[in-house]
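Visitor: I am new to this structure and would like a close look at a single part of it. Please start with one small detail and work outwards from there.

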Amino acid sequence: MRIVKAALLAFVFVGGVQAAEDPQVTRGRALFADAKVSAGNIACANCHPNNGHTDNKTYVGIGVVADGDAQGRSTPTLWGAGRRSVYGWAGNAPMLEGNIRGIIVNRMKGAEPAPETLAALAAYVRSLTPPLTGNVEEDGTPADKAPAAVKRGFALFTGAGGCGACHVPGSFDKAQLEDVGTGGPFKVPALWAVSQTAPYFHDGRTKTLEETARLMWEAAAKKNGKPSSPTAAQMSDLLSYLNSL
Ligand code: HEC
Ligand code: HEC
């Protein structure tokens, strides 16, 4: 019996190690940090440093522009990017591989990437799961042990704030574009790790999560035909929840 258990443990252990060392992911991580994918212009990791996080800057091509520049696009985090409903602020890339190809060829001015390069980069990006804070489950619901403010914030997110209609809990995005009065239809961004991804919106126009959440509350209320602003207490609870993602 003891031997069987030991064998089982060894199997699980080896299985775990193999999963952590998927050669595609290892290769993808190296390519991610290598400017050779763009003929030496720049590496993915320059703009998405710290294992796929964002450098919190707004770009046209590979040049940094002022946050809020109408042509600029804010760098999204890649944490959780393996399971977006759609890619790019314009929401025009249904697949991760196609999105990465576009970035290499159009943004980074690199040569057409080999299919193996795209597959390895996509495998690496898919391995970047968001760092969970412990207050929220993977489906977006508050954990039992979460502070009461987080639970109230979730109730506002799915209730009075109307956020959940677009930022569907779990993925916190959706495939259809939405026009929330920011200059046209844009993709609904996923909100995992959102406390760390300022500046916000497609062009990086807002600096704080509070300002962003207030604008979103007012836009959602207006869309629903009942204009309102969040009270100070509602904003505080909503931020407790958003900061837990
Ligand atoms: C010059 C900075 C820069 C570099 C280099 C860069 N990115 Fe990005 N990345 C961005 C910006 C800005 C966006 C948003 C662009 C848009 O949607 O118009 C983005 C978007 C993405 C997205 C879509 C995420 C989402 O939620 O829609 C993925 C995936 C991605 N980048 C992966 C990569 C990979 C892989 C590389 C290297 C091949 C790379 N990026 C290189 C700045 C950069
Ligand atoms: C009608 C759909 C819709 C509703 C309802 C909605 N959002 Fe959004 N949200 C969007 C879209 C679309 C964007 C991107 C707009 C842009 O980039 O210009 C966005 C952007 C955001 C961002 C910026 C994220 C980033 O990475 O830049 C945050 C934070 C946010 N929403 C939170 C909320 C909260 C909190 C609520 C509820 C009070 C809410 N949203 C309600 C569609 C919606």
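**The E4-E5 hairpin and the two ligands**

Guide: Lys 174 stands opposite Val 188 in E5. The model is a predicted one, and this pair is a useful place to enter it. Lys 174 belongs to strand E4, which covers residues 174-179, and Val 188 to strand E5, which covers residues 185-188. The two strands run antiparallel, and three bridges join them. Five residues lie between the strands of this hairpin. Gly 181 takes a positive phi there, near 80 degrees.

The hairpin leads to both ligands, beginning with ligand 2. Strand E5 and helix H8 (209-223) each supply at least two residues to the shell around ligand 2. Helix H8 gives the most to that shell, with six residues. There are 24 residues around ligand 2, and those that come nearest are Cys 163, Cys 166, His 167, Thr 182 and Met 216. Thr 182 also makes a polar contact: a polar atom of its side chain is 2.6 Å from an oxygen atom of ligand 2.

Two other contacts with oxygen atoms of ligand 2 come from the backbone. For Phe 201, a backbone N or O atom lies 2.8 Å from an oxygen atom of the ligand. For His 202, the distance from a backbone N or O atom to a ligand oxygen is 2.6 Å. By class, the shell around ligand 2 is made up of 15 nonpolar, six polar and three charged residues. The space that ligand 2 takes is the second largest pocket.

The loop between E5 and H8 has a feature of its own. Pro 199 is found in this loop, and the peptide bond joining Ala 198 to Pro 199 is cis, with omega about 0 degrees.

Back at the hairpin, the residue range of E5 also takes in Lys 187. This residue leads to ligand 1: a polar atom in the side chain of Lys 187 is 2.6 Å from an oxygen atom of ligand 1. Lys 187 is one of the residues that come nearest to ligand 1, together with Cys 44, Cys 47, His 48 and Trp 89. In total, 26 residues lie around ligand 1. Arg 84 makes a side-chain contact as well, with one of its N or O atoms 3.0 Å from an oxygen atom of ligand 1.

Which elements give two or more residues to the shell around ligand 1? They are helix H3 (44-47), strand E3 (73-74) and helix H5 (96-107). Helix H5 gives the most, with six residues. The shell divides into 16 nonpolar, six polar and four charged residues. The space taken by ligand 1 is the largest pocket.

His 48 deserves separate mention. It is found in the loop between H3 and helix H4 (49-52). Its NE2 atom is the only protein donor of the iron atom of ligand 1, at 2.1 Å. In addition, an N or O atom in the side chain of His 48 is 2.9 Å from a nitrogen atom of ligand 1.

Strand E3, one of the elements in the shell around ligand 1, is also part of a sheet. This open sheet has three strands in the order E2-E1-E3, with antiparallel pairing. Strand E2 (63-65) and E3 are its edge strands, each pairing on one side only. Between strand E1 (residues 58-60) and E3 there are two bridges. Tyr 59 has Arg 73 in E3 as its bridge partner.

One last detail follows helix H5. Lys 109 is found in the loop between H5 and helix H6 (115-126). Although Lys 109 is not a glycine, its phi is positive, at about 55 degrees.

Conventions. Residues numbered from 1 in each chain as written. Chains lettered and ligands numbered in written order. Predicted model: local features only at pLDDT ≥ 70, side-chain atom pairs only at ≥ 80, totals over all residues. Heavy atoms only, no water. Near = heavy atom within 4 Å. Polar contact = N/O pair within 3.5 Å; in protein donor to acceptor, adjacent residues only side chain to side chain. 1 Å grid on protein atoms, 1.4 Å probe; cavity = no way out; pocket = protein on both sides within 12 Å on 5 of 7 lines; lining within 4 Å. Sits in = over half its atoms within 2 Å of the grid points. Helix = DSSP H or I, 4+ residues; strand = E, 2+ residues; numbered from the N terminus. Nonpolar A, V, L, I, M, F, W, Y, C, P; charged D, E, K, R; others polar. Pairing = 2+ DSSP bridges. Donors = N, O, S within 2.8 Å, 3.2 Å for Na, K, Ca; no water.
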